[in-house]
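This report walks through a few local features of one protein model. Look at the sequence and the structure first, then read on.

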Amino acid sequence: MPSDDRTARQCASALDEVLGEAARATGAHIGVLYLAAGEGQLMLMDAEIGLPAQIARPWTRLRLNATAPAALAVRRRSLVWVPDHEEMARRFPSTALALPYRFAVAAAPIEGKDRVWGCWSLIWPPSHPRELSAQELDVITLSSEKLAALLERAAENGHPVRPTGEPRVIPPVRRRAPDPEYASGASDYVDRLHEGCVTLDLEGRITFLNPTAAELLGGEVTDLLGKPLWETTAWLQEPLFEDRFRAAVVNQEVTCCVTHRPDGRRLEFRLFPDPTGISLRLTLTPQDEAAPQHPPVFGARDLSREEVFYNFVPFAAALTRALKVQEIVDLFADHIMPVVKVQAMAVAIAEGGKLKIVGSCGYEREVLDRFDGVPLTLPTPAERAIRTGEPAFYSSPDELRRLYPYAAEHDRMSAWAFLPIGGSDGTAGVCVLAFGEPRSFTGEDRAGLTTLTELISQALDRALLYDAKERLAHGLQETLLPRRLPEIPRLAAAARYLPATHGVEIGGDFYDLIRLDDTAMAVIGDVQGHNITAAALMGQVRTAVRTHAAAGAGPGEALTFTNRLLIETETELFTSCLLVHVDLRLRTLRAASAGHPPPLLRPPNAPGEIIDVPVGPPLGVDDGADYPAVVVPFPPGALLAMYTDGLVETPHGDIEEAIGALACLLTGAVGRPPQELADTLLEHAPHTAQRADDIALLVLEHCA
């Protein structure tokens with residue numbers, strides 16, 4: 001065995017041991033380990049204990065922006081504790097919908113020296129106290145440290161753990177070791193009972209049944225062993241039974257359900273769970289009317305009705321919140337691809353006579369580049385689906401190759417479904433689902449996949465419109481910001497702007513640098529709101545400041561004049577703004593603020609500090625407002641940083657502490673030029689990946 005494989009297995013074994021030991025020490029019956037993948041916005045399940053595959057499957061991929069305890073634990077870098085289903089429904093409604101069972105869960109981040117490696121969770125029955133005990137908290141803390149140390153060591157040794165999304169299954173925790181001395185007596189006992197006795201593993205497979213149970217189920221003992229119980233007979237393929245099985249596994253509480261045999265008699269199942277599986281007691285009850293028969297559902301050979309419900313319903317609910325095409329693709333990848341065994345997905349539209357790929361998952365970039373921009377005059381299965389509006393299914397590469405050699409040459413998958421999508425504005429497109437193995441598409445498969453596409457079609461229509469508006473908004477935003485900063489002798493400058501990651505509206509943050517002969521005026525501001533009105537006001541503020549600065553007004557005067565202008569326009573919006581006059585000859589800064597966060601200054605050979613600028617009211621609020629200025633030294637080698645609150649403000653954070661941390665970051669970044677320093681400041685923002693607000697940043701350095 002190669003050393004790389006051996007090292008990876010040793011690390012995986014050590015991770016599993018920590019997870020298993022934590023479950024044993026705390027009495028948890030389920031444990032899950034997630035590790036970060038890709039660019040850090042996705043986690044893949046790496047190992048699990050006590051979780052049936054049909055429950056684990058739709059949770060093998062978890063995005064950091066998901067409303068789930070594990071994702072929140074990573075975002076906050078702290079333990080998340082949910083004591084019951086009521087609190088789960090209140091704080092994490094989509095998770096509560098997907099897992100409608102009663103349990104308690106603790107999710108803890110795996111935090112290393114300079115990154116979060118992932119997250120792990122423990123689940124207890126609902127009988128767990130509403131608070132974690134001190135002993136449980138100690139176990140969780142110590143286990144998190146052990147997991148982080150193992151992952152850090154593996155990375156430092158050149159063998160980082162890379163999760164695949166196919167989690168290792170750790171043997172469940174046993175309450176007591178089986179004693180073979182009593183095995184024969186136990187078998188005699190259940191054989192004499194007039195009730196059916198069945199044991200199931202965590203996947204629902206029959207591991208033992210007595211002859212009475214086999215008779216009640218309509219089969220033979222030898223034929224039924226090893227089969228999932230709901231596959232032993234058609235009349236057990238009811239959603240209710242599988243739901244009760246899942247509930248017993250997760251809740252660890254005794255439960256029961258009743259189903260109907262073909263002869264009309266009712267058969268009661270009483271389920272007794274423990275972390276290793278389920279014991280069933282089967283009892284006939286008085287005759288009743290025969291239960292209605294249900295038609296088969298999509299993918300019946302792969303999916304039960306419960307899987308359809310508990311995977312597709314949360315997917316449909318999440319679609320209502322998706323605003324971008326790639327978000328819809330990601331939701332499909334997280335909820336549906338693992339369930340229906342889709343290997344890759346792509347969404348393409350017809351635009352300008354060409355095929356344009358607007359979202360994908362699972363396909364390599366090289367394959368996407370082959371088809372992105374292909375003329376619609378070239379016959380391809382995607383072109384056919386768009387032109388005819390009819391779905392097409394190809395069960396093997398040979399079948400695709402006979403009809404479309406070009407497509408088969410560059411797409412290395414083994415089976416495909418090309419499903420047309422249409423928009424309300426006449427936009428035509430196609431959703432491509434690709435499978436890693438040849439697949440004969442049954443009528444149920446075709447109907448199910450087509451219905452699934454219809455489900456996402458409306459969301460895609462909305463997302464395509466959203467993307468178009470977002471491109472328009474950001475294009476307008478760029479025209480309102482300086483294309484480039486002016487070159488000023490002995491003054492190095494860098495600016496950055498990042499739009500919010502949520503919402504299609506135009507941001508109100510802006511910056512400017514105005515050259516005034518041998519001096520300069522640095523400007524940064526934030527207009528309230530994210531819409532066209534805010535953008536127009538931003539343009540007015542920039543123009544007014546430029547005009548007054550060019551006329552020789554100082555920072556305080558320029559803010560006073562601009563404030564009066566906004567009062568006269570009777571705008572309902574207000575603007576925070578910071579002006580700094582830079583005089584390189586006098587080596588000074590003169591700053592005035594209209595309700596804006598303070599600038600930061602790093603003098604040469606000194607730590608970064610906050611400039612205490614007197615703060616006047618925001619522009620457009622008080623027509624009699626005064627904006628006093630403060631003067632501070634700005635010698636050669638000094639560096640100035642101006643920013644908007646999006647860089648330092650978080651929903652639950654202390655903004656003063658965040659500004660202080662930014663000043664410390666300036667202290668530790670001595671020697672970095674403004675361009676590099678600007679990127680460093682953005683990277684260390686507390687929520688750079690998911691931003692609820694825009695970020696504008698301006699960095700100036702007095703060069704010797």
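## A buried serine

A residue counts as buried when its relative accessible area is under 20%. The model here is predicted. Ser 414 has 14% relative accessibility, so Ser 414 is buried.

Where does Ser 414 lie? Its place is the loop between helix 17 (405-410) and strand 16 (415-422). The side chain of Ser 414 reaches the backbone oxygen of Gly 436 at 3.1 Å. Beyond neighbours within four places in sequence, Ser 414 contacts Ser 395, Ser 396, Pro 397, Phe 435, Gly 436, Glu 437 and Pro 438.

## An open sheet

Five strands make up an open sheet. Their order is 18-28-27-23-24, and the pairing is antiparallel. Strand 18 (491-498) and strand 24 (609-610) are at the edges. Each has a single partner strand, so one side of each lacks a neighbour in the sheet.

Strand 23 (residues 600-602) and strand 27 (residues 639-643) run antiparallel, joined by three bridges. Leu 601 has Leu 640 of strand 27 as its bridge partner.

## Helices on the sheet

Helix 21 (residues 655-667) packs on the sheet and touches strand 23, strand 24 and strand 27. Its direction makes about 25 degrees with that of strand 23.

Helix 22 (residues 674-683) also packs on the sheet. Helix 22 touches strand 18, strand 27 and strand 28 (695-702). Its direction makes about 30 degrees with that of strand 18.

## Cysteines

How many disulfides does the structure hold? The count is zero. Cys 119 is buried, at a relative accessible area of 0%. Cys 361 counts as buried too, at 13% relative accessibility.

Conventions. Residues numbered from 1 in each chain as written. Predicted model: local features only at pLDDT ≥ 70, side-chain atom pairs only at ≥ 80, totals over all residues. Heavy atoms only, no water. Pairing = 2+ DSSP bridges. Helix = DSSP H or I, 4+ residues; strand = E, 2+ residues; numbered from the N terminus. Contact = heavy atoms within 4.5 Å. Axes fitted to C-alpha atoms, helices over the stretch in contact; angles between N-to-C directions. Disulfide = S-S within 2.5 Å. Buried < 20%, exposed > 50% of the residue type's maximum accessible area, 1.4 Å probe, protein only. Polar contact = N/O pair within 3.5 Å; in protein donor to acceptor, adjacent residues only side chain to side chain.
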